[in-house]
Amino acid sequence: MLRSFPGFRRSDLPEALEPPHDELAELAAAVERGNRAALRTFLVAIVPHLLRVVRRVLGSGHPDLEDVAQEAAYGVIDALPRFRGEGTVLHFACRTALHTAMNTRRRDLAQKRAWVRDIVDLEHIAADELGPEALALRGSLAPIVRVLLDELPAPLAEALALHTVLGYTVGEIAQASHAPVETVRSRLRLAKQALRKRIIADGTLRDVAGVEK
Amino acid sequence: MSQSIEDLSARARRANLGEAERRRLKLMLGASVEGQLLHRAGLDFDEENAVLPGDDAIAARIAERVLARSSRAPAARRRRKWLPLAAAACLITAAAAGAAARYHGVIVARRTASPPADRPPTPAPERRLSSPPPPAVSPLVAPPAITVDDAPEVDPPPPPIARRAAAPTNPSGNATPSAADLFADAARARRERNVDDAIRLFESLQRRYPTSLESRAADISLGMMQLGRGAATAALDHFRRYLRHSADGELVPEALWGESEALRKLGRAEESRASLSALLSRFPDSAYAAAARAKLDAAKSAP
């Protein structure tokens, strides 16, 4: 069920969001009823997806990938009773994984800041062998976006992640984040500006991305 | 429907644009550096969505841990104090598993995964719930319609799979292992890296219950293990047997991918590419798609 809020219209949703047949819905209902066999099948179906979402958000070198994916799996099971059919169960699960991973990034960042403040162990900080810029020079903008996910205000970061990581359209982001379509457009616009600004600020990245100052 | 650059970009990434929309997106991207960057970032993330070696093993471990924990204390799920400790342990196991794990067969194993080793053997009345493979779901492609009627919780009638693969009773009255039991044992052996045992158990399963669903799925596991051992011809036989007997089975993407890998290792490059093309054409959205495209592109650009 969609929450009603100013500016939201059902017609804003793209066709992709019109409720398709959801192959996991019946299984999810059985999981909610406590059916253990259903839980096993459900986990088998969703965990590989959760793992890949978490990896995209954290980066493949993150040491806690498995733990975060597991945390996401718990999150999905816990949140199933709150799922109201906004999109498919799989989309819902992937979104939960995305948020879990983003929270982990922000938690990591806060921890890192604490280390810097206390100068407890500089080796921990030096553990990031390659910075996002260096990784981006290998030809991918994903590492730069990951940094923005940490730095941007949460609503902007969420819109950016839903679009770039999960490939959501504006309408789908609006539905997932319970925000009006125009608000989402605005958030994506600001996120895009931040991405460009980040690239422009670095001469080498600018050349690699082919962006003029 | 909205036709913003973000919408067109998202739909382009799903290969869901008409010709006119593609042209429109191209124009829009040409006119907006920021749009271009965002689109490119999205494509870069899509590239990272591929299945990696070892993913199935990681997913199996996660599923087992979540299951084990949920059976002990549902409320404890919300407590996360175990996480830092588990992280250290998982780093070690992930590092060890990552090198050797192959992606596909354990997916099958997960479907009939046995209880964690730290729990006592499942008593007979409960075995019926956990032993038969759950409804087949390929986690690497859009899952099929799933019903849970096959696995009711209280005193269910034997599910179709169990009926077909019912364990015979030997003269002494002891039940011999069912197809599901053998599959679960083989899967456990495989997870524990006892490849020889796993192969022996899977082969035993296929000899005893040749028409069971477990036997069909075992072909994928056997194929992957044989591939891992360098026995590409044997692997190819298993993948092709699966495709022959289960043309519309849930593991067809895995079988096609495995077939392609086996053929490549046998030096039959053209046939290997044909398998990849079949995989892409039948399952364009599967998790293997990106890797298959990359392999085909690489083959095209090779001298």
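**Exercise 1. Place B:Ala41: is B:Ala41 buried or exposed, and what does B:Ala41 contact?**

Step 1. B:Ala41 has a relative accessible area of 0%, so B:Ala41 is buried. Buried means under 20% relative accessible area, exposed over 50%, and partly exposed in between, with a 1.4 Å probe and protein chains only.

Step 2. B:Ala41 sits in helix H3 (residues 33-47) of chain B. Helices (H or I, at least four residues) and strands (E, at least two) are DSSP runs, numbered from the N terminus.

Step 3. Set aside neighbours within four places in sequence. B:Ala41 is then in contact with A:Leu141, A:Val145 and A:Thr164. Contact means heavy atoms within 4.5 Å.

Ground rules: the model is predicted, local features need pLDDT of at least 70, side-chain atom pairs count only at pLDDT 80 or more, and totals for chains, interfaces and linings use all residues. Residues are numbered from 1 along each chain as its sequence is written, chains are lettered from A and ligands numbered from 1 in the order written, and side-chain values use heavy atoms, without hydrogens and water.

**Exercise 2. Explain why helix H7 (residues 142-151) of chain A is largely enclosed.**

Step 1. Count the buried residues. Nine of the ten residues of H7(A) are buried, so the rest of the structure largely encloses this helix.

Step 2. Name them. They are A:Ala142, A:Pro143, A:Ile144, A:Val145, A:Arg146, A:Val147, A:Leu148, A:Leu149 and A:Asp150.

**Exercise 3. Describe how H7(A) packs on H10(A).**

Step 1. The two axes come within 10 Å and cross at roughly 120°. Axes are lines fitted to C-alpha atoms, for helices over the stretch in contact, and angles run from 0 to 180 degrees between N-to-C directions.

Step 2. H7(A) and H10(A) are therefore oblique to each other. Angles under 35 degrees count as roughly parallel, over 145 as roughly antiparallel, 65 to 115 as roughly perpendicular and the rest as oblique.

Step 3. List the contact. H7(A) brings A:Ile144, A:Val145, A:Val147, A:Leu148 and A:Glu151, and H10(A) brings A:Ala194, A:Leu195 and A:Arg198.

Step 4. Sort by class. The contact has six nonpolar, no polar and two charged residues. Ala, Val, Leu, Ile, Met, Phe, Trp, Tyr, Cys and Pro count as nonpolar, Asp, Glu, Lys and Arg as charged, and the others, Gly among them, as polar.

**Exercise 4. Do likewise for H8(A) and H10(A).**

Step 1. Helix H8 (residues 154-164) and helix H10 (residues 181-200) of chain A pack at about 85°, with axes 9 Å apart. That makes H8(A) roughly perpendicular to H10(A).

Step 2. A:Pro155, A:Leu156, A:Ala159, A:Leu160 and A:His163 of H8(A) meet A:Arg187, A:Leu188, A:Leu190 and A:Ala191 of H10(A). The classes are seven nonpolar, one polar and one charged.

**Exercise 5. Find and classify the aromatic pairs.**

Step 1. There are two aromatic pairs over all chains. Rings of Phe, Tyr and Trp (its six-membered ring) pair if their centres lie within 6.5 Å; planes under 30 degrees apart count as stacked, over 60 as edge-to-face and the rest as tilted.

Step 2. A:Phe83 and A:Phe92 are 4.7 Å centre to centre, with 35° between the planes, and form a tilted pair. Both residues are buried.

Step 3. B:Phe183 and B:Phe202 have centres 5.3 Å apart and planes at 80°, so this pair is edge-to-face. B:Phe183 lies in helix H9 (residues 179-191) and B:Phe202 in helix H10 (residues 195-208) of chain B, 19 residues apart.
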